[in-house]
Structures are given as structure tokens and as C-alpha cells.
Amino acid sequence: MAKGVFIVGTDTDVGKTIITAGLIYVLRSNGYNTSYFKGALSGALEKENMLIPQDTKIVSEVSNLKEDYNNITPYVYKTAVSPHLAAKIENKPIKLNVIKEKYSYLKEKYDYIVAEGSGGIICPLIDDKRGLYTLENLIKDLKMSVIIVARAGLGTINHTVLTVEYIKKIGINIKGIIINNYKEEILYDDNIQMIEKLTKVPIIGKFKYIENLENNLVENIRKNAEEVFDIKTIINCMESL
Ligand SMILES: Nc1ncnc2c1ncn2[C@@H]1O[C@H](COP(=O)(O)OP(=O)(O)OP(=O)(O)O)[C@@H](O)[C@H]1O
Ligand SMILES: [Mg+2]
């Protein structure tokens, strides 16, 4: 039976993809047969009439995952807005049965799945005559627990505690928090202490800020992930799906 965890950000752009790529790299390079999953991605790059899901590309390259992008990211939109709006603008509504079919396929083929959310916990995915469906509904439907990725700097205490409290309130299990863009400075260390005190959720990784990350993206993420992530801790965050 496959196991998995869902990566939720305190916001868009907090580094979910970079962290997910690092986690899957560490798992795969240690022999754990792991896949990525991102149900819907917006803001894809267009190249020679093809839409490239950038998150999926980064994760696949960093972790040597050879799965067809269409299986791990079934909905890809060019417009860089929330998926519910991109789906309306591009007239391509998300069908939940398609997401669930792909997810089931991955559960059969892989032992571990690390899924990445779009935006933050209240990111809308569907808003049409079928009703409103957000990321929290998807996480519940896929029966997953979450790891929260949070910023390290100013403002993160408020964002992170609100995200934790909301997720607890809706009954989703939180396995840990990963702090991204960490630097060894009093502000960052104090933020981490405050977040632990206020939420009682363990901080399971402090992923360093990497200057010029993009210059050598794959190697930078791999090296940092190897230093930061403890395999046993990651595996302990995974629950049967
Ligand atoms: N540790 C880091 N050091 C330096 N730059 C980083 C780090 N983490 C993320 N970034 C940069 O921040 C930006 C956002 O990161 P990322 O794409 O992982 O965010 P995200 O939460 O996945 O966003 P989205 O909501 O669009 O999926 C990227 O340009 C990425 O390269
Ligand atoms: Mg991302």
C-alpha cells in the first residue's frame, strides 16, 4: 500500500516546489520509489506551442523522476492566476475523476507520493455550477496528511500560525513544518521558536536560502536537501493512502 504526504504552503511562492523537489530527491536517491503529484498548475510556460509545467519539470529533474508529466500534473494552465480562474479563462474545467484516476494510477505504481498544493490551503480549484472546491477539499478527498512549508523571515509567525490553526480546525493532520529560505540570524531562529511554541507542531527541516539558486538549480537543491532532510523523519510523515 502506498504512503504519502501533501505539501501545503502558507502562501504561493513560499518554496513548496523547491522543498518538494529536495524531499523527493532524498527519498528516491535512497531507494524509495517515490512520485510527485500536483493536480493543477497555473502559470505554465509556453514553448513551441507546448505548455511546460515548471514545478513538475523542476521536481522531475532534481529527483530523476521519469513519469509522464500528464500523469503527475493532469491540469496545466498558462494563465498565472488561481486554478479556478485559469480554468474559466481557458475554458478547461478541472474534472475530479481525472485527478483521482491519475492519483490511483500513481498509488499503484509507486510506494510513496509527495503531492504539492497550488497556492495556500484555501486556494480555490473549482468554482462553477458544481459548487466551490478548494485545496482543503482535495486534501481530504485524497485522504492525505500535510507538511506545511513556511517562509523564514518577517511575517511568518502570523502566516504560519493561522495556517496551522485553520488546518487543525478542518480536521487535517499536520505532520510537521519546513522552514524555507532559512539564514542563521536571530530573527529567523526566534521565528522558528515562536512558531513551535504557538503551534506545538515540530519543525522538521530548515532549508537554507541559496544565493543565485537558479544558476545551478538541480545541484543546489540536491546538496541542500541532503544536508537538511532526515530520511527517517520524512518517512515518519508518510501515512498509508
Ligand atoms: N531556499 C531557497 N533559496 C533561494 N531561492 C528560493 C528558495 N526556495 C525558493 N526559492 C525561489 O523562490 C521562488 C518560489 O519558489 P517555489 O516555486 O518553490 O514556490 P512555490 O511555493 O512552489 O510557488 P507556487 O505557489 O507557484 O507553486 C522560486 O523562484 C525559487 O527559485
Ligand atoms: Mg510550486
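## Close-up views of a predicted model

**View 1. Strands E10 and E11 run side by side.** Strand E10 (residues 146–151) and strand E11 run parallel, with six bridges joining them. This is a predicted model, as are the views that follow. To find your place along the pair, look for isoleucine 148, which sits opposite isoleucine 177 in E11. Helix H7 (residues 156–169) goes with these two strands: E10, H7 and E11 make up a right-handed β-α-β unit.

**View 2. Strand E11 has a partner in E12 too.** Follow E11 to strand E12 (residues 203–208) and you get another parallel pairing, this time with five bridges. Isoleucine 177 turns up again here, standing opposite isoleucine 203 in E12. Helix H8 (residues 186–199) joins E11 and E12 in a β-α-β unit, and that unit is right-handed. How many of the nine residues of strand E11 (residues 174–182) are buried? Seven are, so the strand is largely enclosed by the rest of the structure. As a reminder for reading both strand views, side chains in a regular strand alternate between the two faces of the sheet.

**View 3. A magnesium ion and its protein donors.** Which residues supply the protein donors of the magnesium ion (ligand 2)? They are Thr17 through OG1, Asp55 through OD and Glu116 through OE, at 2.1 to 2.2 Å from the ion. Along the chain, the donors are spaced as T-x37-D-x60-E. Distant parts of the chain are linked here: threonine 17 belongs to helix H1 (residues 16–29) and glutamate 116 to strand E7 (residues 112–120), 99 residues apart. Threonine 17 is buried, at 10% relative accessible area. Glutamate 116 is buried as well, with a relative accessibility of 3%; the cut-off for buried is under 20%, so both values qualify.

**View 4. Two asparagines with positive phi.** Most residues other than glycine have a negative phi, so a couple of exceptions get a picture of their own. Asparagine 91 has a positive phi, near 55 degrees. You'll find asparagine 91 in the loop between helix H4 (83–89) and helix H5 (96–109), and its relative accessibility of 67% makes it exposed. Asparagine 181 also has a positive phi, near 65 degrees. Its setting is strand E11, where asparagine 181 is partly exposed at 34% relative accessible area.

**View 5. Helix H9 and what covers it.** Helix H9 (residues 217–228) has 12 residues, and its first and last C-alpha atoms are 16 Å apart, close to the 16 Å expected at 1.5 Å a residue. Which residues of H9 are buried? The list runs Leu217, Ile221, Arg222, Asn224, Ala225 and Val228. The cover over the buried residues of H9 includes H1, helix H2 (54–63) and E12.

**View 6. A salt bridge from E10 back to the loop after E1.** The count of salt bridges comes to 13, and here is one of them: arginine 151 with aspartate 11, whose closest N and O atoms are 3.5 Å apart. The two partners come from distant parts of the chain, 140 residues apart, with arginine 151 in strand E10 and aspartate 11 in the loop between strand E1 (3–9) and H1. Arginine 151 is partly exposed, at 30% relative accessible area. Aspartate 11 is partly exposed too, with a relative accessibility of 29%. More broadly, side chains of opposite charge can pair when their charged atoms come close.

**View 7. Neighbouring aspartates, separate salt bridges.** Lysine 88 and aspartate 127 form a salt bridge through their side chains, at 3.2 Å from N to O. That bridge links distant parts of the chain: lysine 88 is in helix H4 and aspartate 127 in strand E8 (residues 124–128), 39 residues apart. Lysine 88 is partly exposed, with a relative accessible area of 47%, and aspartate 127 is partly exposed at 34% relative accessibility. Now shift to aspartate 128, which forms a salt bridge with arginine 130; their closest N and O atoms are 2.8 Å apart. Aspartate 128 is partly exposed, at 33% relative accessibility. Its partner arginine 130 is also partly exposed, at 48% relative accessible area. Elsewhere, Lys38, Asp55 and Glu116 are joined into one network by salt bridges that share partners. Asp55 and Glu116 are the residues you met in View 3, among the protein donors of the magnesium ion (ligand 2).

Technical notes: Residues numbered from 1 in each chain as written. Chains lettered and ligands numbered in written order. Predicted model: local features only at pLDDT ≥ 70, side-chain atom pairs only at ≥ 80, totals over all residues. Heavy atoms only, no water. Donors = N, O, S within 2.8 Å, 3.2 Å for Na, K, Ca; no water. Helix = DSSP H or I, 4+ residues; strand = E, 2+ residues; numbered from the N terminus. Buried < 20%, exposed > 50% of the residue type's maximum accessible area, 1.4 Å probe, protein only. Pairing = 2+ DSSP bridges. Right-handed = clockwise from strand over helix to strand, strands pointing away. Expected span 1.5 Å × (residues − 1). Contact = heavy atoms within 4.5 Å. Salt bridge = Lys/Arg side-chain N within 4 Å of Asp/Glu carboxyl O.
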